[in-house]
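Got your viewer open? Let's take a walk through this structure, one selection at a time.

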There are 2 protein chains.
Amino acid sequence: MTTDSPSPRVVCLAGGVGGARLADGLARVLPPDRLTIVVNTGDDFRHLGLTICPDLDTVTYTLAGVSNDETGWGRAGESRRALDEVARLGGPAWFGLGDLDLATHLTRSAWLDEGESLTAVTRRLCTGFGVAPAVLPMCDQPAPTLIVTDGGEVLPFQTWFVRERWQPAVRRVALPDDARATPAVIRALEAADVVLIAPSNPFVSIDPILNVYPIRALLEDVPRAVVAVSPIIAGQALKGPAAKMMGEMGLEPSAAAVAAYYGHLIDGFVYDQQDAGMAAEDGLALLCTDTIMSGTAGRERLAREVLGFAVELM
Amino acid sequence: MTTDSPSPRVVCLAGGVGGARLADGLARVLPPDRLTIVVNTGDDFRHLGLTICPDLDTVTYTLAGVSNDETGWGRAGESRRALDEVARLGGPAWFGLGDLDLATHLTRSAWLDEGESLTAVTRRLCTGFGVAPAVLPMCDQPAPTLIVTDGGEVLPFQTWFVRERWQPAVRRVALPDDARATPAVIRALEAADVVLIAPSNPFVSIDPILNVYPIRALLEDVPRAVVAVSPIIAGQALKGPAAKMMGEMGLEPSAAAVAAYYGHLIDGFVYDQQDAGMAAEDGLALLCTDTIMSGTAGRERLAREVLGFAVELM
């Protein structure tokens, strides 16, 4: 990509922290009207009366520069007056919600109650946070991801992820069969020159997006570059349960296994220099680089490298 | 009432501040198992995704000693981090909700979402606040009070009361025709020796309770002392729109007019010394005293006087 060629139209499929950081890097490199971030809403849930959308919020907070980079969720400079009092009253306080973060959920819930779509509410919230690129929920209706544990228990995602600290072994991830993409998502994907799959959990962040009809078909059928960034580095996830889940689901926890899992859906794969020399199927373009995004400079660097790699595959 | 006679079983019908203060006085005088406070829920509403019950909260906070006595609503030592952020995001912030107060609404909403009744949720919240007497919502289903303005507009109560600062003139108050009392309320009223009508707004605090079937009938038909305390002192309400509404609804704003409004429902009427010499219908017992409850001592004093007066009418 040179400065005199027009920027490609990019859609980034994103879950939480890893997706938010790559999205932030892209937002620093691309004009806002060339970037759409399609965000997993499979782990959205209703809690304390509110509609909570953890991945949408992580992406929005990160792009707004107000995220808590230490925890990977919530806001910087947060307080917990309300939630500490919920705990004192005996209410459900297992999901960490700061006072500033609560304002997002309260505002979202108010606007949803007024009959606005999650897409419209997310746009208004992004305006409030000064976030310019389009941040789109993968769908407007609830599309809850369920975790079927090794013991056969079926847990709502956040119950497994936060309350149970993703410790129960996973037999499989159950996704709804009636999730439908919004017109905004379909338009963005149809127009995209490049689709990036962020270094998010393939099973509980990316699969829920691909499962929304007709997103997978739009990636498979439309000729354009689809590039995934590995969330696995040297057999480990930087954060979260991806590597643990791979083991439990009979997959080798490796970048190569992630590439194989995405299979013919992707044209290119970006993996970390710690896995240098990774073998991959014939025909899959590979980029080996430093995929750890240290600070905003690291996010911007990876975004530039991934975009440059993807543009070559267009 | 002497100390060696058993305490009467008392039910107090209460709205917001005035009701909460008399209830607090009663709680300081009566054993917890002799006192039930039946609270108006006509001004409950859904806001920011949450179920908010202003009168239940004012009563609970006052009995718990955590109320903000300056504002008459909300909690002492309150902060507004969440609501200030809602305002910054462009969300609806016209209803004052502090961070501690939010915890009550969040916890209530969570428990209601779990399928618990408002009665059960209120009991659990009272336990959390260390409130011993029974605080009962007048009914478990929503029973919204509507304000029909002089201009013919129909406003939900809180929209009129808080957002419009009760300025639009009132043509009439519209109450639902399908509100049904809970078994707990019916049991308490059936067992009561004394029913006290707190110095709350007759039209928007007490009428909504009396309108819940069969509360009015239980007051009229069962022989026991029913005593009201005037919310009007020298033609004014200590707080809120009672006097203004009386003028708009064609009533003289006076303690005597309140007594006449309750009519044959009440056996006794307590009014302020500033209205000394008030005329009333034959057969209505009168107690003229200082009805302004200054501090907890003032609440306790008035509770003792009202109880002593009511017991004589049993």
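Which residue is the bridge partner of Cys12(A) in β9(A)? Leu196(A) is. Before you click on, note that this is a predicted model, where local features need pLDDT of at least 70, side-chain atom pairs count only at pLDDT 80 or more, and totals for chains, interfaces and linings use all residues. Residues are numbered from 1 along each chain as its sequence is written, while chains are lettered from A and ligands numbered from 1 in the order in which they are written.

**Stop 1: all of chain A**

Select chain A and you'll find twelve helices and 14 strands; these are DSSP runs numbered from the N terminus, with helices being H or I of at least four residues and strands E of at least two. The C-alpha atoms fill a box of roughly 60 × 45 × 35 Å along the principal axes. Of the 314 residues in chain A, 51% are buried (20 or more other C-beta atoms within 10 Å of the residue's own; 12 or fewer would be exposed, in between partly exposed, with C-beta atoms placed from the backbone).

**Stop 2: strand β1(A)**

Now pick residues 10–14 of chain A. Five of the five residues of this strand, β1, are buried, so it is largely enclosed by the rest of the structure. Color by face: Val10(A), Cys12(A) and Ala14(A) lie on one side, Val11(A) and Leu13(A) on the other, and both faces are covered. That split fits a general pattern: in a regular strand the side chains alternate between the two faces of the sheet.

Next, add the partners of β1(A). Strand β9 (residues 194–197) of chain A runs parallel to β1(A), joined by four bridges. Strand β2 (residues 35–39) of chain A is also parallel to β1(A), with five bridges; there, Val11(A) has Thr36(A) as its bridge partner. Two strands count as paired if DSSP finds at least two bridges between them.

**Stop 3: the whole sheet**

Widen the selection to seven strands of chain A, an open parallel sheet in the order β5-β2-β1-β9-β10-β13-β14. At its edges stand β5 (134–137) and β14 (285–289) of chain A, each with a single partner strand, so one side of each is left without a neighbour in the sheet. From one strand to the next, the twist averages 20 degrees (axes are lines fitted to C-alpha atoms, for helices over the stretch in contact, and angles run from 0 to 180 degrees between N-to-C directions).

Over at β5(A), four bridges pair the strand with β2(A) in the parallel sense, and Val39(A) stands opposite Pro137(A). Show helix α1 (residues 17–29) of chain A too: this helix packs on the sheet, touching β1, β2 and β10 (225–229) of chain A, and its direction makes about 160 degrees with that of β1(A). Helix α7 (residues 183–191) of chain A lies across β1, β2, β5 and β9 of chain A, at about 125 degrees to β5(A).

**Stop 4: across to chain B**

Where do the chains touch? The contact takes 27 residues from chain B and 27 residues from chain A, a contact meaning C-beta atoms, placed from the backbone, within 7 Å. On the chain B side, α4(B) gives the largest share, nine residues.

Finish at a small group of strands in chain B: three of them form an open antiparallel sheet in the order β7-β6-β8. Its edge strands are β7 (154–156) and β8 (170–174) of chain B. Zoom in on Leu146(B), whose bridge partner in β7(B) is Pro156(B).

Methods:
Two residues are in contact if their C-beta atoms, placed from the backbone, lie within 7 Å.
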